[in-house]
Amino acid sequence: MKVLIVLACAFAVPGIALAADHGPVFSYATPVNSQRELSFDTGIFGRSGSLGTQLSTGSSFGYGLTPHLTITAFLPATFGSGSLPESRMISGSEWSAGASWRFLHSVTSVGKRIESTASLGVVVPGPQQDSGVLGSLHRAPGVAGSLASGFASRSQYFWVGGGYTRFAEAAEDRRPDTLSWSGVYGYRPAKLRRGANQWDYRGFAELTGEHTGSVLKSGAILPDSGTTTVWLGPSVLAILKDVAISGGVQAPIFRDASDSIYGREHLRFAINFSYHKSSSYTSSH
């Protein structure tokens, strides 16, 4: 019952932006807004481990300045008190704003294209404190960047990407740097390719990984606070006109993290709703 209440609240208030503009739910992808296109994302992301569960929710807003340049802002909120590692594949308590530039867009044939997108943003502490080890740190702003490339057709999708986040130091404390990466394969079955007035479906297999550096606390490195994890799981995306709903789950296939500091993280799950208000320009999604 508590979980259902939290889920209801997550969709009643602005939620986390998980899907990458009608793309996979956990991973890096290349889509950006069309020119003068507005987008809004809301949803919930969950992380469950032996030392507690954490649910994140928030709002993401995007606006296409040009056909290949989108500016975004993200305002999150968190629930729960799980002691979990730093993660940039998942939005936590930090607010962020930035821009995404699709610097390569090559149409190889009808319905097929190769794309690359770079993103750069500023991350600042939100009003909520983290839980666990990270909750005991003084917080400071950071910078996050990512790069994704991929191939898209009417039936299949491939994306690979990576990102890096670094935080500044505050009162001799510093959150760990994070290096993240992902690989995605997507398939759109012929029987589920519907018309503009019907739901259209895609399925994805998402492989993601993260390496976090050590935590700096009171001027000293916290022993065994670095982590490396790799996650794998399926996700589904459904689109009807300007509305998209996506969801997925992931389980760890590799884990190198201290059980005494972070416990054992068992599961990640996501549900996301997005809305794109198209302009007179043709959407590139």
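How many bridges pair strand β4 (residues 94-109) with β5 in the antiparallel sense? Select both strands in this predicted model: β4 and β5 are paired over 14 bridges, and the pairing is antiparallel.

**Stop 1: the β4-β5 hairpin and the β6 edge**

With β4 and β5 still selected, locate alanine 99, which stands opposite leucine 120 in β5. Then move to the turn. The two strands form a hairpin with 2 residues between them, and glycine 111 in that turn has a positive phi of about 80°.

Next, add strand β6 (residues 142-152) to the selection. β5 and β6 run antiparallel and are joined by 11 bridges. To find the register of this pairing, select alanine 118, whose bridge partner in β6 is leucine 147.

**Stop 2: the whole barrel**

Now display every strand. A closed barrel of 12 strands can be followed in the order β1-β2-β3-β4-β5-β6-β7-β8-β9-β12-β13-β14, with antiparallel pairing. From one strand to the next, the twist averages 20°.

Select strand β13 (residues 243-256) together with strand β14 (residues 265-277). These two pair in the antiparallel sense over 8 bridges. Glycine 247 is a useful marker here, as this residue stands opposite isoleucine 271 in β14.

**Stop 3: strand β8 and its two neighbours**

Select strand β8 (residues 178-187) and show its side chains. In a regular strand the side chains alternate between the two faces of the sheet. Strand β8 shows such alternation: Thr178, Ser180, Ser182, Val184 and Gly186 point to one face and are buried, while Leu179, Trp181, Gly183, Tyr185 and Tyr187 point to the other and are not buried.

Add the neighbouring strands one at a time:

- Strand β7 (residues 156-167) pairs with β8 in the antiparallel sense over 10 bridges; glycine 162 stands opposite tryptophan 181 in β8.
- Strand β9 (residues 200-212) is joined to β8 by 10 bridges, and the two run antiparallel; glycine 186 stands opposite phenylalanine 204 in β9.

**Stop 4: aspartate 177 and the salt bridges**

The structure holds 14 salt bridges. Select aspartate 177 and arginine 166, whose side chains meet in a salt bridge (2.5 Å, N to O). Aspartate 177 lies in the loop between β7 and β8 and arginine 166 in strand β7, so this pair ties together parts that are 11 residues apart in sequence.

Why does aspartate 177 count as buried? Its relative accessibility is 16%, and buried means under 20% relative accessible area. Arginine 166, by comparison, is partly exposed, with a relative accessible area of 41%.

Now select arginine 174. Its side chain also meets that of aspartate 177 in a salt bridge (2.8 Å, N to O), and both of these residues are buried.

Two further selections continue the theme. Arginine 255 forms a salt bridge with aspartate 259, the closest N and O atoms being 2.9 Å apart; aspartate 259 counts as partly exposed at 40% relative accessibility. Elsewhere, Arg47, Glu210, Glu265 and Arg268 are linked in a network of salt bridges.

**Stop 5: aromatic pairs**

A pair of aromatic rings is described by the distance of the centres and the angle of the planes. The structure holds 8 aromatic pairs. Select phenylalanine 26 and phenylalanine 45, which form an edge-to-face pair: 5.6 Å centre to centre, with 80° between the planes. Phenylalanine 26 lies in the loop between α1 (2-12) and β1 (38-49) and phenylalanine 45 in strand β1, so the pair ties together parts that are 19 residues apart in sequence. Both phenylalanine 26 and phenylalanine 45 are buried.

Then select phenylalanine 151 and phenylalanine 158. Their pair is tilted, at 6.4 Å centre to centre and 35° between the planes. Phenylalanine 151 counts as partly exposed at 26% relative accessibility, and phenylalanine 158 is partly exposed with a relative accessible area of 40%. Add Tyr185 from the β8 stop: Phe151, Phe158 and Tyr185 form one aromatic cluster.

**Stop 6: a nonpolar patch on the surface**

Finally, switch to a surface display and select Phe61, Leu75, Trp95, Val122 and Val124. These residues form a nonpolar patch on the surface, with about 410 Å² of accessible area together. Valine 124 leads back to the start of the tour, being found in strand β5 (residues 112-125). This valine 124 is partly exposed, with a relative accessible area of 34%.

Technical notes:
Residues are numbered from 1 along each chain as its sequence is written. This is a predicted model: local features need pLDDT of at least 70, side-chain atom pairs count only at pLDDT 80 or more; totals for chains, interfaces and linings use all residues. Side-chain values use heavy atoms; hydrogens and water are left out. Patches are made of residues with over 30% relative accessible area and no salt bridge: like charges are joined within 9 Å, nonpolar side chains (Val, Leu, Ile, Met, Phe, Trp, Tyr) within 5 Å. Accessible areas come from the Shrake-Rupley method with a 1.4 Å probe; for residues, only the protein chains shown count as cover. A salt bridge is a side-chain nitrogen of Lys or Arg within 4 Å of a carboxyl oxygen of Asp or Glu. Helices (H or I, at least four residues) and strands (E, at least two) are DSSP runs, numbered from the N terminus. Buried means under 20% relative accessible area, exposed over 50%, partly exposed in between (1.4 Å probe, protein chains only). Two strands pair if DSSP finds at least two bridges between them. Axes are lines fitted to C-alpha atoms, for helices over the stretch in contact, and angles run from 0 to 180 degrees between N-to-C directions. Rings of Phe, Tyr and Trp (its six-membered ring) pair if their centres lie within 6.5 Å; planes under 30 degrees apart count as stacked, over 60 as edge-to-face and the rest as tilted.
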